[in-house]
Amino acid sequence: MLPRGRSTGTAPAERQEEVKSRPDRSGGMNWHLRALARRGRLWQPFRQEVAAFLAGWQPLTRSMILVGPSAGWCLPSAFLTRFDRVLVVDPDRWARPLFKRLHPRAGLAQWVRGDFFDVAPDLLAAEPDAAVLFCNVLGQLRFAGREADETDRLIAGIAPLLAGRPWASFHEILSGETDLTPRRLPLAGPPHHEALLKQLGLSGEWLDHAASHVLPKAVPRDIVPWRFAPGRLHLVEMGIGGVRGPVTDRPS
Ligand SMILES: C[S@@+](CC[C@H](N)C(=O)[O-])C[C@H]1O[C@@H](n2cnc3c(N)ncnc32)[C@H](O)[C@@H]1O
């Protein structure tokens with residue numbers, strides 16, 4: 001069964017499902033204008049890190065579900081074109097047309113305008129062979145009007161929900177004001193915030209994005225700096241959550 005909602009009809013190979021969703025959250029036109037202005041220069045090193053991470057993830061599936069990619073501002077087209085079918089879940093009404101402009105060769109098969117946690121049971125049942133990539137979205141859950149308990153519950157439910165399926169995520173764990181840009185840091189397990197900041201040579205006040213337990217404990221991961229704005233740095237965790245495909249070595 002497909003996610004609940006109505007089909008608005010669109011290009012032949014593509015279905016669009018519109019489901020009841022909460023407001024646009026971290027997406028929306030302001031996000032797109034900001035991304036447009038920053039992706040070419042300020043975000044370029046981060047986009048390269050995302051590309052390197054995804055180049056090292058080789059799930060043996062023909063279909064890929066992207067969760068919260070927005071217009072794919074930080075995703076490389078070369079990753080998307082590896083899959084026959086790309087399915088997207090993102091409630092932002094502006095994201096789909098912009099995604100199609102940015103990634104015209106991606107095999108976009110379905111766009112669900114909704115909240116992943118609402119549509120996941122039906123979508124995953126309809127797509128048993130699809131891998132899932134969370135695209136810088138899980139570090140935003142806390143700021144979408146959810147209580148901390150609900151955020152923790154949703155995050156704790158991800159690994160069981162996706163058991164047996166290849167999945168990966170990159171998500172903000174901390175953000176703060178600094179002009180320093182540390183190097184990528186590989187970790188063997190979940191970050192301990194204070195130790196992490198010390199290791200990276202960072203100090204001051206940092207915002208906790210409540211997403212440090214997305215990946216199962218034993219999973220190796222990288223902490224990658226994202227120079228989000230002049231003077232503002234986000235620390236993004238990247239890792240493969242389950243059913244690892246062949247993984248190529250990343251440069252250190
Ligand atoms: C901070 S933006 C980052 C998007 C993208 N990685 C980029 O670089 O442009 C987060 C995106 O997640 C979407 N989003 C937020 N909560 C979501 C949810 N529960 N399910 C699916 N998408 C969600 C928002 O609409 C927004 O497009």
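**Note on W73, strand β3 and the nonpolar core**

1. W73 is in contact with A35 and R39, its neighbours within four places in sequence being left aside; contact here requires C-beta atoms, placed from the backbone, within 7 Å. This is a predicted model, in which local features need pLDDT of at least 70, side-chain atom pairs count only at pLDDT 80 or more, and totals for chains, interfaces and linings use all residues. Residues are numbered from 1 along each chain as its sequence is written.

2. W73 sits in the loop that links β3 (63-67) to α3 (77-80), where strands (E, at least two residues) and helices (H or I, at least four) are DSSP runs numbered from the N terminus. W73 counts as buried because it has 21 C-beta neighbours inside 10 Å; the cut-offs are 20 or more other C-beta atoms within 10 Å for buried, 12 or fewer for exposed, and partly exposed in between. Its C-alpha atom is 9.6 Å from that of R38, which is 35 residues away along the chain.

3. In β3, 4 of the 5 residues are buried. The strand runs parallel to β4 (residues 85-89), joined to it by 5 bridges, and V67 stands opposite V89. With β6 the pairing is also parallel, over 5 bridges, and M64 faces A131 there; pairing demands at least two DSSP bridges.

4. The largest nonpolar core, with 63 residues, has I65, V67, V86, V132 and L133 as those with the most contacts inside it. Such a core is a set of buried Ala, Val, Leu, Ile, Met, Phe, Trp, Tyr and Cys residues joined through C-beta atoms within 7 Å. Strand β6 (residues 130-135) gives the most to this core, 6 residues.

Terms used: Two residues are in contact if their C-beta atoms, placed from the backbone, lie within 7 Å.
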